[in-house]
Structure formats: C-alpha cells, structure tokens
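Subject: Structure for you to look at

Hello,

Here is the structure I said I would pass on. Please open it next to this message and follow along.

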Amino acid sequence: MPHDTTTLLSQTTFEAPAVSQDQFREAMSLLGAPVVLVTTDGPAGRQGLTVSAISSVSDTPPTVLVCLNRSNRSHQAFLKNGVVGISVLSPVHHDLARVFASRSVEPDEKFAQGSWVIGETGSALLSDALVTLDCEIDAIHSAGTHDVLFCTVKSISTSADADHGLAWFSRNFHHLPVKRV
C-alpha cells in the first residue's frame, strides 16, 4: 500500500535551527573537491581564479557547472565574455593555485606564471594541466552570493604524464593518485 506523504508532510511542521555561515563553511571544508583554475578572455578582458566549486552535469551534451561569487572582481568578465577555460590541477600546480586564489595578484601577474595555450573559445588553458575543458556558458542561475554557470564543453585535453590530481579537503591540498586504464 503506497504511503501518502502529502498528508504526512502537511501534519508535520518544525522549524529548522538557523545555520550560521561559520557552521556551513566548516561543513563544506569537509567536502573534498577538485582544485581548478577557471579563466576567461574576450571583450571584457582576461581573468582567472582558483575554484573548487565545479561539477559535471551531463554527458549529453557534455556540460559542467562552475560557481562564481558575484563579488569577485573577475565575475563580470566571465559573464560578458561568455566563455570559460577550466584547467584541472595536479600537485605541481600547488603554488599556481594559491596565486590564482589571491585577490591581491593582478591578472597579468597570474598569467605570467605557468605555461598557457589558447583554446578554441579564446580562454587560456594551462598546458600541463591534468585535464582542460574549453567551454561556452549556456545558462546562469543565481543562488545566494553566487552565480552557477552551466558550461557546454567544446573541447577536452588530458595529460598522459600526471600521476596525481590535486584536491582540496579540510582546508589543505591533497594528492590523489590517477588510475590509468
């Protein structure tokens, strides 16, 4: 016999305790995430930053999402350019991840480090990244302080040389082994 959840839900009311910003941030620090550089270039200029808020969405068409804080100085450039270069980092990029995460480093200084190639969308891609995804922004959804960019992947490149990926967990970088098939 099916359970009628409509009746159950309408009879059950409770108020969830407020979740503080500190509680939420602490909880999210225990959610492992990849470390990636996201870049853009076009009429609004070249910008880039380090993010861990990225996820696959669909393989048909190949789509990923990237979350960007609307208060970040590069946010508008991503929206105006409409393209995103994603470089998934390996442990050799630890210092580069910190540079791109810094608010005090200017874009030209960031891109002066590392070796870059230009993707078909015009975005810069790290030439020795574990994986690069060259993308166009298809949709944007606002949530709280961030915009979620839904990006269609136009091309992919992978490194045959990298033995480890770089992950962010518990406010530290960690090395994850690559399993080759």
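Below are my notes on the sheets, one helix and the cores.

Please keep in mind that this is a predicted model.

Sheets

Seven strands make up an open, antiparallel sheet, and their order is β3-β2-β6-β9-β10-β5-β4. β3 and β4 (54-59) each have a single partner strand, so one side of each has no neighbour in the sheet. From one strand to the next the twist averages 30°. Within this sheet, β9 (residues 131-143) and β10 (residues 146-158) are antiparallel and share 12 bridges. To find the register, look at E136, whose bridge partner in β10 is T152.

There is also an open sheet of 3 strands, ordered β1-β11-β12 and paired antiparallel. Its edge strands are β1 (33-34) and β12, each of which pairs on one side only. β11 (residues 164-169) is joined to β12 by 6 bridges, and the two run antiparallel. In that pair, G165 stands opposite L176 of β12.

Helix α4

Which residues of α4 are buried? In this helix, which spans residues 94-101, they are L96, A97, V99 and F100. These residues cover an arc of only 160° around the axis, which puts them on the same side of α4. The general reason is that an α-helix has 3.6 residues a turn, so residues three or four places apart point the same way.

What do the buried residues of α4 pack against? Their partners are β2 (36-40), β3 (47-51), α5 (107-111), β7 (116-118), β8 (124-126) and β12 (172-177). The list therefore includes β2 and β3 from the seven-stranded sheet as well as β12 from the sheet of 3 strands.

Cores

The largest nonpolar core has 20 residues, and those that touch the most other members are V38, L68, V84, I86 and C135. Two or more residues come from each of β2, β3, β5 (62-69), β6 (83-88), β9 and β10. V84 is a good place to start: leaving aside residues up to four places away in sequence, V84 touches V38, T39, F78, S123, L133, D134, C135, I137, L149 and C151.

A second core, separate from that one, has 15 residues, among them V35, L37, F100 and F111. F100 is also one of the buried residues of α4.

Regards

Key
Residues numbered from 1 in each chain as written. Predicted model: local features only at pLDDT ≥ 70, side-chain atom pairs only at ≥ 80, totals over all residues. Heavy atoms only, no water. Buried < 20%, exposed > 50% of the residue type's maximum accessible area, 1.4 Å probe, protein only. Helix = DSSP H or I, 4+ residues; strand = E, 2+ residues; numbered from the N terminus. Arc of directions from axis to C-beta. Contact = heavy atoms within 4.5 Å. Pairing = 2+ DSSP bridges. Axes fitted to C-alpha atoms, helices over the stretch in contact; angles between N-to-C directions. Core = buried A, V, L, I, M, F, W, Y, C linked by side-chain atoms within 4.5 Å.
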